[in-house]
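Here is a short report on a protein model with bound ligands. Please keep the structure open while reading.

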Protein chains: 4
Amino acid sequence: MIPDREFIKTPEVPGPTKEEVRCIVMCKSKILKGDVVADIGCGTGGITVEFARKAKEVYSIDRNPDALEVTEKNLKKHGLLIKANLLEGDALEVMDEIPDLNVLMVGGSNGELSSIIKKGYKKLKDGGRIIVTSILLETRAEAVKTLQSLDMIPDVVEVSISKGKITKRGTMMIANNPITIISATKV
Amino acid sequence: MIPDREFIKTPEVPGPTKEEVRCIVMCKSKILKGDVVADIGCGTGGITVEFARKAKEVYSIDRNPDALEVTEKNLKKHGLLIKANLLEGDALEVMDEIPDLNVLMVGGSNGELSSIIKKGYKKLKDGGRIIVTSILLETRAEAVKTLQSLDMIPDVVEVSISKGKITKRGTMMIANNPITIISATKV
Amino acid sequence: MIPDREFIKTPEVPGPTKEEVRCIVMCKSKILKGDVVADIGCGTGGITVEFARKAKEVYSIDRNPDALEVTEKNLKKHGLLIKANLLEGDALEVMDEIPDLNVLMVGGSNGELSSIIKKGYKKLKDGGRIIVTSILLETRAEAVKTLQSLDMIPDVVEVSISKGKITKRGTMMIANNPITIISATKV
Amino acid sequence: MIPDREFIKTPEVPGPTKEEVRCIVMCKSKILKGDVVADIGCGTGGITVEFARKAKEVYSIDRNPDALEVTEKNLKKHGLLIKANLLEGDALEVMDEIPDLNVLMVGGSNGELSSIIKKGYKKLKDGGRIIVTSILLETRAEAVKTLQSLDMIPDVVEVSISKGKITKRGTMMIANNPITIISATKV
Ligand SMILES: Nc1ncnc2c1ncn2[C@@H]1O[C@H](CSCC[C@H](N)C(=O)O)[C@@H](O)[C@H]1O
Ligand SMILES: Nc1ncnc2c1ncn2[C@@H]1O[C@H](CSCC[C@H](N)C(=O)O)[C@@H](O)[C@H]1O
Ligand SMILES: Nc1ncnc2c1ncn2[C@@H]1O[C@H](CSCC[C@H](N)C(=O)O)[C@@H](O)[C@H]1O
Ligand SMILES: Nc1ncnc2c1ncn2[C@@H]1O[C@H](CSCC[C@H](N)C(=O)O)[C@@H](O)[C@H]1O
C-alpha cells in the first residue's frame, strides 16, 4: 500500500482511508488486471489510487468538486491519471453514466447508501464485488440489510487499528477510528 | 464517573483519564471508605478526584508542578481538596514520605515503573491493590513482569473504547487510544 | 465487580456480562441506594446481581424460565435474593406489572428493542437512566434512534476488551466480543 | 486472500492466521515476483501459502513436524508445493541452511524472537523486510527493541478485528484476538 503521508491532503476533504484499511479493502475487492471499478465518494483518492494501480479503469465519483480536484492530484502524483475517470455529482445521478462494473466501492453516501448499493448492483457483472466502508453506526446495519435484500451474503469486518508512535519514552499506541468494511459478491 | 468535560484542563499536562477507563480503574481498585490510597503521576487529577470521592485519604504525586496545580484545581472544583495530599517530586523519592497504602495507582512513571511498583509494594497493606495504566507497548510487559517477580498474579485488561459522536449524518464512532490496565492484589 | 467465575452458569443461558462491561454499565446507571431498577433480559443474572448490591429493589425479567432460575441461584449465592423480583415472560407484557423506575437496563430484546425502550421510558422517573447493551450491529443503531425519538441524548460507547492470559510463554491477549453500551438520562 | 475455511486444519497446530491479518501481513511484506522469502514458525501454513502465491521461493520452518505436515497439505491443496521448501527444526539452527532473503516473517519464536530477528537480519538483502506477528504482550516490545537495536525503524500496528456472524436476530459481532504486526525495512 501507499503510505498515508504519500497522499496530497486538502483540509475540507476527508481521507485518505488509512493504509491498513485500504489494504483490507483491496483484499476484499479482489481486483484483476482487466477489471472496471468504481469508487463512489472518492474523497482524497485514497482508494481510487490503489484501485488504479490494479484495475484497467476506475470511475471516481464525488459531489464535492474539491474532492475530485485532490483525487486528480493524487492520481497524477502516482502516475495513474490515465486509468481514471473523474465524475462530479451526486452518486445516484452520475452512476447512470458509467459502464458495467467488476467492483463497486462505496466510501461516502450521505443518506443514500441503500439506493447507491441497489443502483450499483444493477451495473455489477456476475462475480462482481460490492465493498462499503462505514464510519457511522447507522450505515453498518443499512449496508448489511440492503445487501441481504439483494440476496447477497454480506461479509462484515469491523477493523480497529492502533499504530505505534515511537517516542523517547517508548511506543505510544495511537488509535485510528474504527471502520466497518461490508462486502459481498454477486453470484 | 465524572464526565471528562467536568475536569479543568491545562495544555501541557496529560489527562484526565477518559471516563470509561476511570470507571474500570475504580472497579479494579475496590476502594473502601477507610482506605488510604496513592496516585503516582496524578497529571490532571482524573484518577485522584475519583479516588478522593471514595477513599479516606489520597496521596497524589507528580514531578511536574503544573500537574499538581491542575489536580488541586480539580479537587477544589469537586469539593474534595480536604481528602488529598499533593506532593511534588519524582515518585521514587516522594514515596518515602507517604504512609502505608490500601491502593497504589501508577498512571505515569517515566522509565521507573519497575522501581515504583517495588517500592509501592512495600507500602502496600495485606489485601492492598496495585493498578497500573499503560499507554506504551513497553510498560505493559514491564508491569506484568514486575508484579510476577513480587509473586502477585496480574490481571491484564486492554481497553479499546470508541465513543459515538452524534452528527446530522449519523453516529460517528471516534476511537480513544487503547489503554492497558494491569492490576494485582497483595495476598 | 464480582469476578466472572463467581457466577453460576448454565449452558443454554447467555451471560454473565463480562466483568469490565458490567463495570461500565454500573458507572452509566449511577444507581443510588434508594433506587428501583429493572433488568430486561436478565439472562444469567450478571447485571441483576450487581444492581441488587447497589439498589433498593430490582425487577428482573426474562422470557426464558432457565434464565430466571439461574439468576435466582446467583442472587442467592451472593445473598441478594431479598432485593430482587423475578418475572417470567416477554418484556413488553411483564413490564406492565412493575413500578416506576430509576434505571431501565435492556440486555436482551429479540426484535422488540424499540418498543421496550418506549414502554420503559414511560415508567422512568425524571432523572432516570436507560442503558442498552448491544452485541448486534442492528440494535446499536436502533437504540440510538429510539432514544433520540424520545428526545434523549444517547451516550454511545463501544467497548472492546482483551484480557491477558498468563502462560509460560508470556501474556496471551484474548479478545472478548465487542459490546456497545448506549445510555441516556430522562430530563 | 484465501478464506480461513479453505485451509486444512489439524488440532494441535496453531493457525491459519486470520484472513484480514494475513492481508495486512501481505501488504507490509510487499513481495515481488522474484523474491525469496522465509516463514519462521509456519504452523498451519496460512502465511506460507499466501507467500507462495506471490514470491519465487518460500522457506518454511517449524520445529513441530505436525506443522510442516499440515503446511505441506495446504501448499498442495492450493497447487503451490513447488514454490516451497519445508525445513523442520528450531529456527535458530535451520536458518543457517537458507539463502539470502527479501522477506523474513516470524510467526512463532518461543523465547528466541530477538535472536531469530538478528540472525534473519544478516540474511536480509538491502531493501528487505522483516515482519513479526505477535499475540503476546511481551514479544511486542521485544520485537520493537530488537529492530531498533539493528537501526531499523519499526512500524507497529495493533489489529483488532471483529467479524459479523449473520443470525436470524441480526449481525452478531465476534472478536478475533488482537494481533500486533511489527515490520521494518533494511535500508
Ligand atoms: N451521495 C453522494 N454522492 C457523491 N459523493 C458523495 C455522496 N455522499 C458523500 N460523498 C462523498 O464521499 C466522500 C467520503 S470520504 C471518502 C474518502 C476516500 N475513501 C479516501 O480514501 O480518500 C466525501 O468526499 C463526500 O463528498
Ligand atoms: N517518575 C515520576 N514521578 C512523578 N511523576 C511522574 C513520573 N513519571 C511521570 N510522571 C507524571 O505522570 C503523569 C502521567 S499523566 C496521568 C494522568 C492522570 N491519570 C489523569 O487522569 O489525569 C504526568 O503528569 C507526569 O508528569
Ligand atoms: N423480549 C424479551 N423479553 C424477555 N426476555 C428477553 C426478550 N428478548 C430476549 N430476552 C432475554 O434476554 C437475555 C439476554 S442475555 C443477558 C445476559 C445478562 N445481561 C447477564 O449479565 O447475565 C436472554 O436470557 C433472553 O432470554
Ligand atoms: N523457535 C522456533 N523454531 C521453529 N518453530 C517455532 C519456534 N517457536 C515457535 N515455532 C512454531 O511457530 C508456530 C506458530 S503458529 C504460526 C501460524 C501461522 N502463521 C499460520 O498462519 O498458520 C508453531 O507451529 C510453532 O511450532
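The report covers two ligand sites, one helix and the relation between two chains.

This is a predicted model, in which local features need pLDDT of at least 70, side-chain atom pairs count only at pLDDT 80 or more, and totals for chains, interfaces and linings use all residues. Side-chain values use heavy atoms, leaving out hydrogens and water, residues are numbered from 1 along each chain as its sequence is written, and chains are lettered from A and ligands numbered from 1 in the order in which they are written.

**Ligand sites**

Start with ligand 3. It is surrounded by 23 residues, where a residue is near if one of its heavy atoms lies within 4 Å. C:Thr17, C:Thr44, C:Asp62, C:Ala91 and C:Glu112 are the closest. The shell has 6 nonpolar, 13 polar and 4 charged residues. Here Ala, Val, Leu, Ile, Met, Phe, Trp, Tyr, Cys and Pro count as nonpolar, Asp, Glu, Lys and Arg as charged, and the others, Gly among them, as polar.

Ligand 4 also has 23 residues around it, with D:Thr17, D:Thr44, D:Asp62, D:Ala91 and D:Glu112 coming nearest. Its shell divides into 6 nonpolar, 13 polar and 4 charged residues.

The table gives polar contacts, here pairs of N or O atoms within 3.5 Å.

| Ligand atom | Protein partner | Distance |
|---|---|---|
| Ligand 3, oxygen | C:Gly45, backbone N or O | 3.2 Å |
| Ligand 3, oxygen | C:Asp62, polar side-chain atom | 2.6 Å |
| Ligand 3, nitrogen | C:Glu112, side-chain N or O | 3.1 Å |

Taken alone, ligand 3 exposes 590 Å², and the protein buries 91% of that. These areas come from the Shrake-Rupley method with a 1.4 Å probe.

For ligand 4, a backbone N or O atom of D:Gly46 lies 3.1 Å from an oxygen atom. A backbone N or O atom of D:Arg63 lies 3.3 Å from a nitrogen atom of ligand 4. The protein covers 90% of the 580 Å² of accessible area that ligand 4 has on its own.

**Helix H1 of chain C**

How many residues of helix H1 (residues 19–29) of chain C are buried? The count is 11 of the 11, so the helix is largely enclosed by the rest of the structure. Buried means under 20% relative accessible area (1.4 Å probe, protein chains only). Helices are DSSP runs (H or I, at least four residues), numbered from the N terminus. Among the buried residues are C:Glu19, C:Arg22 and C:Lys28. C:Lys30 follows H1(C) and has a positive phi, near 45°.

**Chains A and D**

A turn of 180° and a shift of 0.0 Å along the axis lay chain A on chain D with an RMSD of 0.0 Å. That is the relation of a two-fold axis. The superposition is by least squares on the C-alpha atoms of residues with pLDDT of at least 70 in both copies. In chain A, the C-alpha of A:Ser160 is nearest the axis, 2.5 Å from it.

Notes: Polar contact = N/O pair within 3.5 Å; in protein donor to acceptor, adjacent residues only side chain to side chain. Buried < 20%, exposed > 50% of the residue type's maximum accessible area, 1.4 Å probe, protein only. Helix = DSSP H or I, 4+ residues; strand = E, 2+ residues; numbered from the N terminus.
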